[in-house]
Structures are given as C-alpha cells and as structure tokens.
Amino acid sequence: MTKSKIWLSSPHMGGTELKYIHEAFDSNWVAPLGPNVTGFEQDLENYIGNNSFVGALSSGTAALHLGLILLDVKAGDEVICQSMTFSASANPIVYQGATPIFIDSELDTWNLCPNALETAIKDRISKGKKPKAIIAVHLYGMPYKIDEVRSIANKYEIPILEDSAEALGSTYNGQKCGTFGDISVLSFNGNKIITTSGGGAIVTKNIDLKNKAIFLATQARDNAPHYQHSEIGYNYRMSNICAGIGRGQMEILDDHIAKRRAMHDFYKNIFKENSAITVFSEPNENYFSNHWLSAITVNSSLNEGKSREDLRLLLETENIESRPLWKPMHLQPIFKDAPYYGGTISENLFDIGLCLPSGSNLTEEEKKRIKNVINIF
Ligand SMILES: *Cc1c(COP(=O)(O)O)cnc(C)c1O
C-alpha cells in the first residue's frame, strides 16, 4: 500500500471561513465587491499596520502588474528584479513591454544582493537608462536586506516594488513585511501562509494610489452612467466569496505562523548534528521570518557525496514532497537574453538547496515519517 502523500505546503482551513461564505450567499453578495472584500482589506490593514492601504485583488501576480503600472513602467523601460524568485515576480515586467534586469542573491537572506544591485543601477545609468523600479522579494518569508536596499533605492531615487507574496507576518525590526515598499504585494494562493483559494493584494502608502489600483482592477470605468473608458482596464478584483475565506484565514494567521516556525525548529533539531546540512535561518535578531517554507542546503562534499538530489529522491520514494529552491530567472529559457548582474550565489543555492514539507497542518505521524527518511539519509 502506498503511503499518503505529505505535501510541501497545502491549504489549511481554520473553521470560520464557511461562516463568511454563508453570509455572502445569504446576502447574495456573490460578486467582486461586497462586505467580505472590505472586511478582508480592513483586517489586512490592521494586521500589517504602518498606515497601509490594502486593495484585494485576484492574485499576487495581478498586484505586481498593477504595481508596475502605478509606478509608470512602460514599454521600453527597464525594471530591476531579484533573479532567484518565482517567475510571477518577473513576468509582469514583460506584460508591460519592459525589460527585466536580474540581480544575484546574497548568502544571509538569499535575497537581492545590495552590491550587485548598485553595480547594476550604475551600469544601466551609464548605458543611458535609469531603471524605473526595483522588485525585491522576501523569499520563503525571509526579509531581504531592508536597510541596504532602501538606502540604494533612495540614493538613485528608484521606487521599490516589494514582493511580499511569501512573507505575510514576517517582520524586520518589528515592522511587518508588506510595508517596506513604495508599493507592496501580498499573495493568498493555495500554497501560501494563508489562502483565499486564489488571491492577492496591493499595499499602498496613500488612499489615492489604492483607489487608482482598484479603478484599474475593475476595468477602468470612467464616472459616467454608460460604460466609458479613458484608460486600459483589467479584471483583477477579488471576489466577495474568496475574501470570505480570507477573513476566516486572518483569524488563524498568527497560529499558522507559529506552526510554520515550529516546522523550522523541527528541522533545525533534526539536522543539528549534521555539519553538511544547513537549515536556512534568520541572520540576526532583527529578522523574523514566517518560515513559509523550511529550506536547507546540502554540502555533498561533507556528506559522503550524497547530494540534495539524493535526499529529494529518497523522500519521493516515501511519497513525501520536497522541491529544489526557485530556479533563478537568469537561468530560465524565457529570460536567457535578459541582462544579469552578480556572481553565482543564486545558481549555487539552486544546485544545493531543498524546500522540505512546511505546512501548518502536518501531523505528528507525518513528522515522524519525514524524520525517519532523513535519518536514513
Ligand atoms: C506566489 C508568488 C507570487 C504570485 O502570487 P499569485 O497569487 O500566485 O499570483 C509572486 N511572487 C512570489 C515570490 C510568490 O511566491
């Protein structure tokens, strides 16, 4: 008999989601817009704080796309983007007809390398084009080097589009991720720390920008009794049903974070005697990661030649899902012609890194199965 599948990260309902969906049905608010959308936005604004304004959208990708539009990214522009990330960080640059400029990672947070970032900005300016925006990502929930990246952005007066899709609940110096960008983005996709089955949000510093985002997300209708349009619009708003799931999920977000962090501790404990394996952890006490996914790097030369891939395949035979780290964008076939700045840090991490089952809903039995396989390895 095959053992039941242990997933990397699966949806985890808290119980009150259905109540909000029932309310939507009972009041016939089965539409984008409605009290759950407003309620979910308020919950998120209260949670991330820092005088943020939140607009709920159909996905994190849609939020990134609207973020670029609000930052006036147009055809022919250049936008800087962390190379090691999910393709959704970079694709909206291309939707706008702009060119992505990819940047290597640094080893502390695996995110945007400040040195490579500044080198890239200087070089692009010397070639005649100042980048229009910097997309910085908190990979696996780990905040990027907030102070360093911000000071470079300010020095060259380039806005930051903060991709906080994986980092709801993470903090840097006590401030929540999702509030560090000039514009920021959250995701509630099925595998994220909370889910609305599919959804995302844009975070702005003022109400006008939020309203502009919502205007664009609802087909850019001018104020007229008929349908009139002076701008290109999108169908990017979150539905009242999905927002109902989000409201229920907000009630258990902090509990999910505690459980994800406990998974990280679980792996730290398993691997503490093994000098060949490093569990990806906060570089110092200023950083607080939600540990959306627990990740490790495997140094095969210290591990009798056994590599990341050996562990991944071993887990797979036991029906346990694990996955290599995000493949850097500058190594992706679709982006092979895009400019790239930096060395081989992200490439090396991709070669030796592995994400392990990290869900907030893993049972003791499942953890035992994971531990057994790792012990064999
Ligand atoms: C999930 C994710 C996105 C995209 O969010 P969706 O809601 O799936 O569109 C963007 N960036 C990163 C880093 C992500 O992990």
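Two strands pair if DSSP finds at least two bridges between them. With that in mind, let us walk through this predicted model, starting at one border of its sheet.

**The sheet and its edges**

Strand β1 and strand β9 run antiparallel and are joined by 5 bridges. Within this pairing, Val 54 has Val 203 of β9 as its bridge partner. β1 is also mostly covered, with 4 of its 5 residues buried.

Stepping back, β1 belongs to an open sheet of 8 strands with mixed pairing, in the order β1-β9-β8-β5-β4-β2-β3-β14. β1 (53–57) and β14 (340–341) are the edge strands; each has a single partner strand, so one side of each is left without a neighbour in the sheet. Helix α7 (residues 207–217) packs on this sheet, where it touches β1, β8 (183–187) and β9 (200–204). The direction of α7 makes about 10° with that of β1.

**Strand β2 and the parallel pairings**

Now to strand β2 (residues 78–82). Here 5 of the 5 residues are buried, so β2 is largely enclosed by the rest of the structure. The burial applies to both faces: Glu 78, Ile 80 and Gln 82 lie on one side, Val 79 and Cys 81 on the other.

The table gathers the parallel pairings that involve β2 or β4, each with one residue pair.

| Strands | Sense | Bridges | A residue pair |
|---|---|---|---|
| β2 and β3 (residues 99–103) | parallel | 5 bridges | Glu 78 and Thr 99 |
| β2 and β4 (residues 133–137) | parallel | 3 bridges | Ile 80 and Ile 134 |
| β4 and β5 (residues 160–163) | parallel | 4 bridges | Ile 134 and Ile 160 |

Ile 134 thus appears twice: it stands opposite Ile 80 of β2, and its bridge partner in β5 is Ile 160.

**A closer look at Ala 133**

Ala 133 is found in strand β4. Its relative accessibility is 0%, and since buried means under 20%, Ala 133 counts as buried. Leaving aside neighbours within four places in sequence, Ala 133 is in contact with Leu 71, Val 73, Glu 78, Val 79, Ile 80, Ile 158 and Pro 159. Three of these residues, Glu 78, Val 79 and Ile 80, are among the buried residues of β2. Ala 133 and Leu 68 are 65 residues apart along the chain, yet their C-alpha atoms are separated by 7.8 Å.

**Thr 109, a buried loop residue**

Thr 109 sits in the loop between β3 and α5 (114–126). Despite the loop setting, Thr 109 counts as buried, at 0% relative accessibility. The side chains of Thr 109 and Glu 106 are joined by a polar contact of 2.4 Å. Beyond four places in sequence, Thr 109 is in contact with Met 142, Pro 143, Tyr 144 and Lys 145, as well as with Phe 280, Pro 283 and Tyr 287.

**Two helices crossing**

Finally, a helix pair. The axes of α2 (residues 35–48) and α8 (residues 240–250) come within 8 Å and cross at roughly 35°, and the crossing is left-handed. From α2, the residues that meet α8 are Pro 35, Asn 36, Val 37, Gly 39, Phe 40, Asp 43, Leu 44 and Tyr 47. On the α8 side they meet Asn 240, Ala 243, Gly 244, Gly 246, Arg 247 and Met 250. Sorted by class, this contact has 7 nonpolar, 5 polar and 2 charged residues.

How values were computed: Residues numbered from 1 in each chain as written. Predicted model: local features only at pLDDT ≥ 70, side-chain atom pairs only at ≥ 80, totals over all residues. Heavy atoms only, no water. Axes fitted to C-alpha atoms, helices over the stretch in contact; angles between N-to-C directions. Left-handed = near helix turned anticlockwise from the far one by under 90°. Contact = heavy atoms within 4.5 Å. Nonpolar A, V, L, I, M, F, W, Y, C, P; charged D, E, K, R; others polar. Buried < 20%, exposed > 50% of the residue type's maximum accessible area, 1.4 Å probe, protein only. Polar contact = N/O pair within 3.5 Å; in protein donor to acceptor, adjacent residues only side chain to side chain.
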